[in-house]
Amino acid sequence: MNKVEFTPKSNSQENVLSFYKEPPNQDIEMSLLGKYANERLQVLREIEGAKLQGLKPTSKEVMKVITKHLPIRSQATKKEVEKDQISHFILRLAFSQTEESRRWFLSNETSLFKCRWGMLSSNERQSFLKRINFGHKFFKIKNEKLREELEGFVDLENNRFCKVPFEDVPDMVAMKRVFISEGFAKFLPQIWQDKRMKKLLDGLKDSYSQSELASSYFSTSKVNLKDLVWLSARSFPPCMERLHTSLKQQHHLRHWGRMQYGLFLKGIGLSLEDSLIFWKNEFTKKMNTKTFDTEYGYNIRHNYGKEGKCTNYTPYSCSKIINLSSSPSEFHGCIFRTVKHESLALKLETVGQDQPERVQKILQLSQNKHFQIACQQYWLLRHPKETTGEPISTLTGTIHPNSYYNNSIEYYKRIQEQSKNKKITQNQTNQK
Amino acid sequence: MSEEQTKKKLRGNETTKNQITTTNETFSDLPLDTMLKLYYQHIFPVKEMYDWLSIDDFLTKRNYFSRREFAFDTLKFRRHLSYSSPKDLQNQLIQNHPFKIHVGPLYNTIPRDKHLVSVFTPVERELVFDIDLTDYDPVRTCCEGAKICTKCWTLMTVAIKVLDFILRRSFGFQHLLWVYSGRRGVHCWVCDTRARRLSEKSRAALASFINIEVTKSGWVDLRHPMNPVIKKVYNEILVDYFEDLVVDQDFFGDQDQNKRSFLNKFSNNVLVLIRNSELRDRIQQRWTSQNEEKSRWHILKEELEYEQQNSKKKSNFYNRNDNYTKILQVIIFTTIYPRLDIGVSKKLNHLLKSPFSVHTGTENKKICIPINPKECDDFDPTEPKCVPTLIGVVNDLNNSKKNQNLNYNSTNLKKYVDMFVNDFLKPLRLQLEKEHKERILSRKKNIMDIENF
């Protein structure tokens, strides 16, 4: 059994809120680790989705998913603490690999902290601050003269002030948002929640060593060259399917198309060797091998981190793809954005003959620029009778082509399982 | 050169171009280099500067002085210079006779040996501020550029008071050295241990706290509600000084309507701050009327206060009334609040001119002397006798009695070196001694704790 070493830091927690200063230190099973990581990831994605939709991170939907997977209450159970700590650190490790993933992680963890902070009562917050040894005293403004001075600047009703050396809160000092006296910045804690998190996050920038652990966007299974044809028709997101078809027709793709599709293929598990064969096969129908090797071979190897500064590039997310600029002669980008309404309608009607309502819904969503939700609906169109609920959240829509793909693979696996079970029970009844 | 030789040279026994016949003549025709050499040899207070910049070398063996960066302005500019002793520094000063000396930060190693190490980085540096009257050109009406006079020097007085107030009362610093920068500004060196150890981020934050930005429109960006520290500065310092400055600088053009273009622009722009068009017109009318006896500033205040009273009656929205106080505040902050060059304060490796350096850019060649912030109202560098000059002190030296020692004590500079030592250096050293004792005590306690364990 695969075990990873870590143990939890403190035993008597109150609420589960934490600044994650030290990683846990205990044994845990790999499968549990994966489960915790995925659930936290779901929470972070919900938060991202809410932000994309312009909702506050403290909206109902987000709070619901937080309460489901990473609940926060006065007396947290040991298990909740364990899950919170472990899931945070494992994701931190996973997302430390690229600048983009780091930024994504930091931004959504900050919002998560903000939400959970918002869910605590004033007493619970005080106890948290005490626990993390924020170290600085709370005091009341007794001096009448001082009270007068602070009138209008702070709300004196809640007069439990916090006092820290001004060096600890540089951003608030710079913006003149704190009262400074005797070398201390004195303020009400509510004001600083954003900035304090910033300080934590600066600390979070310490990177861990490169880990073999794949982020959940990467498929753990491999893909064979020969399967690409039917996989693209069945399980690829529409943007990648279009790129695949165009490549087959034109025997060429321009830069962004190559990047978008090439990295996607890497993500689904196509090896470097197979990738080289695949691209060479297509391109050499219009050019000679030498040209391919010199002009394109290098870039493919670069994408797999085998050339130059050896960055292991991650496949593009939906938000990145949507924002790619394109011209009419190119096939990259998000089809719900770039393809003309009529052509999109035609394609959808061919594919979703039996679900006219959903087709209409997709067309409308595209028109209203909700591309990712349109894609999510498209997934449901292509994977009918999905019984385990919505693998892709309605709130966020599809956020990554590889997750669209992974969800599709899972779906078909489940179908296989179901039909296998059916056959077994049928045989059993037959035997009877 | 021995003392006797110097005296001989000064007294001029040989017939040279620079022959001096009487002891009372000035030395303005001595070449600058010679005067500087004399200055560095006899007058520049090397020992006192060493006592300051060596921090607590007198208690510990931390090599502060050798790790301190100096820079000399001679024909070329050289930085990352360092010295092992005051004598060493003095010899180099005489040899090179720079027309400007800069002091930099403390590095992790001797600056002269920087090429011998893989990491060469500043580790400590006083918190410094640089205020220059040229930054007030948009509001000054008496002078501009390098020119200064008694009237606009008051702006520097205000700057010293405001900064001194905030640094001491809010930030808790105690060991501030204010220095006249030689022509048109002042420098502040904050030498508390806490200040020396501030990171660049903290310095930037602190400087941003004190600084009030001037926007493109020319008016300051005042945020409300106002920070209590800034508010206090306004009430206790700015409001009073403005009443004098508004007359001296004639901000509203009472005395001469056709004065400098920026003045008129200023007057017109003030009315832009007022959104109520009726009020604006009323003020404008009174300003241009021949019958008014009051000054424009008083008219403005009167009209705004009157409007405020009326609005109180009209509505219950207290916030709206604040607009009128805000207008007055914006005017006052824009014209007389200190204008900092925050770039100077942010960086650890910034070089700043040394106290007691000579400002050779002007004819008078004033010396950068310390200023007592408690008496800065009386300090006026535009007064001819106020600030010692290079020529003046060299002259003093020449006029000194035969049996006197040839040093700054025989010159006009004595008063300022004494001020430097008594008001600044001694308290700072006392503080350093105190910190040293506390360190030893806590170390002893730690050892005892371990032993008892």
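In the predicted model, the charged end of B:Arg339 is placed over the ring of B:Tyr136, at 5.9 Å from the ring centre. An arrangement of this kind is also found in chain A, where the charged end of A:Arg234 sits over the ring of A:Tyr412, with a distance of 3.6 Å to the ring centre.

With regard to contacts between rings, a search of the whole structure returns 45 aromatic pairs over all chains. One of these is formed by A:Phe95 and A:Phe105, whose ring centres are 5.6 Å apart and whose planes meet at 20 degrees, so that the pair is classed as stacked, given that planes under 30 degrees apart count as such. This pair links distant parts of the chain, since A:Phe95 belongs to the loop between α3 (78–94) and α4 (99–118) of chain A, whereas A:Phe105 lies in helix α4 itself, 10 residues apart. A:Phe95 has a relative accessible area of 8% and is therefore buried, and A:Phe105, at 3% relative accessibility, likewise counts as buried.

The rings of A:Phe336 and A:Tyr378 are arranged edge-to-face, because their planes stand at 65 degrees, with 6.0 Å between the centres. As A:Phe336 is located in helix α15 (residues 335–338) and A:Tyr378 in helix α18 (residues 371–382) of chain A, the pair ties together parts that are 42 residues apart in sequence. Both A:Phe336 and A:Tyr378 are buried.

Beyond individual pairs, a cluster is linked through ring pairs in chain A, with A:Phe236, A:Tyr261, A:Phe264, A:Phe278, A:Trp279, A:Phe283, A:Phe292, A:Tyr296 and A:Tyr405 as its members.

Definitions and conventions. Residues numbered from 1 in each chain as written. Chains lettered and ligands numbered in written order. Predicted model: local features only at pLDDT ≥ 70, side-chain atom pairs only at ≥ 80, totals over all residues. Heavy atoms only, no water. Phe/Tyr/Trp six-rings, centres within 6.5 Å; stacked < 30°, edge-to-face > 60°. Helix = DSSP H or I, 4+ residues; strand = E, 2+ residues; numbered from the N terminus. Buried < 20%, exposed > 50% of the residue type's maximum accessible area, 1.4 Å probe, protein only. Lys NZ or Arg CZ within 6 Å of the ring centre and 35° of its normal.
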